[in-house]
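Work through the exercises below with the model open. Try each task before reading its solution.

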Amino acid sequence: MEGRIVVAVLTAIVLGNTRAQNTACSGYADVVFVVDSSDSVGQADYQKELDLVKQTVNQMNVAQQGMHVGLVTYGSQSQTVFNLKDHGSAAAINSAIDKAPFIGGSEDILGALNRAKTQMFTPTAGVRDKTSRIVVLVTGGRSSNKALTKLRAEELRANDIDVYSVGIGNGVDVDELNGIASDPDTRYVYTADNFDSAKALAGVLGPKICNEIPEDPQFLPPPTGCLQKADVMFLLDSSSTIGQTNFQKLEDFMKNTVKNLDVGPDKVRVGLMQYSSFPSMEFPLNLHSTRYDVLKAIDQVSYMGGGANTADALQYMRQLGFSQNSGARPDVPRVAIVITDGSSANSAAVSTEAENARRDNIGLIAVGVGPNVNTAELQAIADDPDSAHMFNPNDYASLAGLSKQIIDAACSGTLLKMPGWNKTPLYIFMTSI
């Protein structure tokens, strides 16, 4: 295991009805938090750990057909505070968390993980068939037997339980956190410098848990986007300036977007390319025929690192990504979601490729992430008017919740009609500093 995490628009041939969602989370999972309540943390910082758990729960869609949550705490011994079946709303869960008593004593991580494996994921405790099953360890210390603790975590993973490690403060053993967590560590290991800053991890941890893919595709939420028939290609900037943490957030954005697409051979086809100094095809439009398969494939994408050549990537996508050999169809809109760092070496070349896309009847939307984007380059990429086709979310953490907003903006926008299509096909161009 290596590494760790520290602390627009789509258009359709036919417009369908959209359904409002209260949250960007649409997960179907059974989640057990395992929280350190030992003397090495202390009662005051234990309360800050519980605040982190509550804030993470608040990111979730807790419901009968959504997320279910259980809680185990541990000190010199472990205890079940509440089971997966006990509380049906985030408010009820938060109220129960507030009542979780401090235990004290030494750190029995081994016993707590064993309790999670043997008692929490059982029908009696409320585990459901074919959900994603997740353990989130929140600790401020280390176990007395690292080898056995890693072995117990391996048993969890062998039973199809994903394990997240959240280490807080300088008392944790990073090697142990990595050994407990699922792979890759960049997705499943989180750290905070101190207990006061730990709560900020909820904004990343909550969406990440929500985007775990259920074992059975029938438990995916129904697609709600207006795009009904199109060829959609994601193009990810995977250069060094993005960084591993933000790359994970880009994946969350992709998965949230795909969840809103009605994927099928005769409906929406989805492909994925990424680039740094050179572009690379991850999977073409005709490889995956279901939404579930696309989501699973996104989970397998690895961060590249290196330089960024946006202009060549746009050209590669236009010429090869939408070729007949890649599964592009001649009679449907061609939609590309281009996500880039924004620090292109040649803005003039990017502008030229944007015009080439428009020449080929491809509309473009620019989304600049952060406060220091290259506005002139964004304006060159975006179709007119810029006010309708250029977006500027504050940071990468905002992307996961932006998918539906971008889709709705496309479906309600007034775009030029192209020959043979009811709506202009779009590129969605995303950029940051």
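**Exercise 1.** Which residues are exposed on the other side of α4? Work out how the faces of this helix are arranged in the predicted model.

*Solution.*
- Step 1. Locate the helix. α4 covers residues 146-158, 13 residues in total.
- Step 2. Check its length. From first C-alpha to last it reaches 18 Å, close to the 18 Å expected at 1.5 Å a residue.
- Step 3. List the buried positions of α4: T149, R152, A153 and L156.
- Step 4. Place them around the axis. Their arc is only 95 degrees, so they sit on the same side of α4.
- Step 5. Turn to the other side of α4. There, A147 and A158 are exposed.
- Step 6. Find the cover. The buried residues of α4 are covered by elements including α3 (109-120), β6 (161-168) and α5 (174-180).
- Step 7. Look past the helix. D160 follows α4, and its phi is positive, near 60 degrees.

**Exercise 2.** Is T139 buried or exposed? Describe its surroundings.

*Solution.*
- Step 1. Place the residue. T139 belongs to strand β5, which spans residues 132-139.
- Step 2. Apply the cut-off. Buried means under 20% relative accessible area. T139 has 1% relative accessibility, so it counts as buried.
- Step 3. Find a polar partner. The side chains of T139 and Y74 make a polar contact at 3.2 Å.
- Step 4. Widen the view. Leaving out residues up to four places away in sequence, T139 touches D36, E49, Y74, E107, I109, V166, G167, I168, V172 and L177.

Conventions:
Residues numbered from 1 in each chain as written. Predicted model: local features only at pLDDT ≥ 70, side-chain atom pairs only at ≥ 80, totals over all residues. Heavy atoms only, no water. Helix = DSSP H or I, 4+ residues; strand = E, 2+ residues; numbered from the N terminus. Buried < 20%, exposed > 50% of the residue type's maximum accessible area, 1.4 Å probe, protein only. Polar contact = N/O pair within 3.5 Å; in protein donor to acceptor, adjacent residues only side chain to side chain. Contact = heavy atoms within 4.5 Å. Expected span 1.5 Å × (residues − 1). Arc of directions from axis to C-beta.
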